[in-house]
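These are my notebook entries on a structure that I had not examined before. I began with the whole chain and then turned to pairs of charged side chains.

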Amino acid sequence: MKTGLPTSDQRGAADPACSAWVTASAGTGKTHVLADRVVRLLLTGTPPGRILCLTFTRAAAAEMSNRIAERLARWSRTAPGELAVELEDLTGEPTAVERVALAPRLFARVLDAPGGLKILTIHAFCQSLLARFPLEAGVAPHFSVLDERSAAEFMHAGHAALVAGGGRDAAVEEAIAAVAVGLNEGSFSQVIAEVARERHRLLHLLRGPSDAAAVQRDLAQHFRLSSPADEATICAAACRDGAFDALGLRRVWEALRTGSPTQRESAEAIARWLGDPAGREARFGDYRRVFLTQHGEARKAVLPKTADEAARGIVAREQERLVAVEQALRASRVVARTTA
């Protein structure tokens with residue numbers, strides 16, 4: 001941690017003649033080294049307007065500015081003898097008389113410089129460049145930057161306009177409905193805000209109206225779907241005769257109907273599903289719950305303890321089939337919502 005006089009490494013990093021990369025943990029004196037470097041640049045005669053310091057946060061920029069200003073202000077009223085000792089501690093070398101004479105004048109030089117020392121956040125620096133060269137940057141002269149509150153208000157108004165105007169465009173209305181399924185108002189706004197933040201990535205994918213279909217095909221391929229099938233198509237295929245072991249399920253039904261009340265209810269669900277081919281898709285949810293949990297995982301105890309191994313094997317195979325169907329349904333939802 002930085003205490004007392006600068007170390008040799010800190011003096012080396014603060015030397016303006018050295019191109020340095022400083023990396024250290026919090027509280028070890030990085031800001032102090034940067035402040036020393038700026039001060040030593042000023043001591044070499046560098047005009048304040050030629051020095052630029054960039055930081056990530058306003059707090060860091062303010063701390064840096066305050067440290068340098070406090071030191072230069074103190075130097076302006078320090079006796080020459082004490083100042084010579086401090087300058088020697090700063091550089092690790094004997095101080096020339098010219099620098100001892102220059103140091104008290106640095107505070108006034110910084111105050112007189114147009115704009116003072118340029119210690120800015122990266123955003124503020126970029127904003128200053130845009131303000132100086134608006135035409136070259138393609139922005140309106142005398143533009144202003146929205147604060148977070150105003151930006152949030154505009155975003156909220158945009159969300160409302162999107163939803164309200166969706167009815168005038170069938171494709172947009174359909175997309176909104178697909179995205180909004182299962183989302184509350186706050187979650188929907190979060191999704192739209194995320195889309196807005198990542199719009200440059202989406203625009204890279206979507207160069208024309210037909211590109212959405214191409215993205216949909218790529219997503220389906222990524223999730224190993226045979227095609228961008230919707231949930232109804234996947235469910236219909238899972239309920240079709242030949243997609244499952246009907247004889248085996250009847251054997252499972254026999255084992256369940258002599259079990260506990262819950263197992264007898266499961267037997268009834270299987271019987272209803274098998275006995276009504278036209279209504280299987282509508283009853284698929286009830287049938288699925290016999291074999292899978294609400295999270296789409298295979299139930300551990302489906303059959304009574306007295307069931308034979310053959311029945312247990314049939315249950316295991318049907319669970320494996322239904323898990324695959326569940327994964328396909330989830331993938332289909334992801335493809336549909338992402339495309340929307």
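Entry 1, surface. I looked up the accessible surface of the protein chain and found about 21900 Å², with 56% of that area belonging to carbon and sulfur atoms. I note here that the model is a predicted one. I then looked up burial: of the 340 residues in the protein chain, 30% are buried.

Entry 2, overall dimensions. I compared the radius of gyration of the protein chain, 36 Å, with the value near 20 Å that a compact globule of 340 residues would have. Along the principal axes, the C-alpha atoms fill a box of roughly 105 × 55 × 30 Å.

Entry 3, fold elements and contacts. I recorded 18 helices and two strands in the protein chain. I also looked up contacts between residues at least 6 apart in sequence, and 60% of these join residues at least 24 apart.

Entry 4, charges. The protein chain carries 43 positive and 40 negative charges, and I found their mean positions to be 2 Å apart. I next asked how many salt bridges the structure holds. The number is 17.

Entry 5, Arg40 and Asp15. I looked up this salt bridge and noted a distance of 3.8 Å from N to O between the two side chains. The pair links distant parts of the chain, its members being 25 residues apart. Arg40 lies in helix α2 (residues 30-43), while Asp15 sits in the loop between α1 (8-14) and α2. Are these two residues buried or exposed, or in between? Arg40 has a relative accessible area of 9% and is therefore buried, the cut-off being under 20%. Asp15, at 27% relative accessibility, counts as partly exposed.

Entry 6, Arg257 and Glu254. I found the side chains of Arg257 and Glu254 joined in a salt bridge of 3.0 Å, N to O. Arg257 counts as partly exposed because its relative accessibility is 43%. Glu254 is likewise recorded as partly exposed, at 38%.

Entry 7, Asp276 and Arg283. The side chains of Asp276 and Arg283 form a salt bridge, and I noted 3.6 Å from N to O. I looked up the accessibility of both partners. Asp276 is partly exposed at 27% relative accessibility, and Arg283 is partly exposed with a relative accessible area of 32%.

Entry 8, a network. Lastly, I asked which residues are joined by salt bridges that share partners. I found Arg288, Glu326 and Arg330 joined in this way into one network.

How values were computed. Residues are numbered from 1 along each chain as its sequence is written. This is a predicted model: local features need pLDDT of at least 70, side-chain atom pairs count only at pLDDT 80 or more; totals for chains, interfaces and linings use all residues. Side-chain values use heavy atoms; hydrogens and water are left out. A salt bridge is a side-chain nitrogen of Lys or Arg within 4 Å of a carboxyl oxygen of Asp or Glu. Helices (H or I, at least four residues) and strands (E, at least two) are DSSP runs, numbered from the N terminus. Buried means under 20% relative accessible area, exposed over 50%, partly exposed in between (1.4 Å probe, protein chains only). The radius of gyration is taken over C-alpha atoms; the globule rule is 2.2 Å times the number of residues to the power 0.38. Contact means heavy atoms within 4.5 Å. Accessible areas come from the Shrake-Rupley method with a 1.4 Å probe; for residues, only the protein chains shown count as cover. Lys and Arg count as positive and Asp and Glu as negative; His and the chain ends are not counted. The place of a charge is taken as NZ of Lys, CZ of Arg, CG of Asp or CD of Glu.
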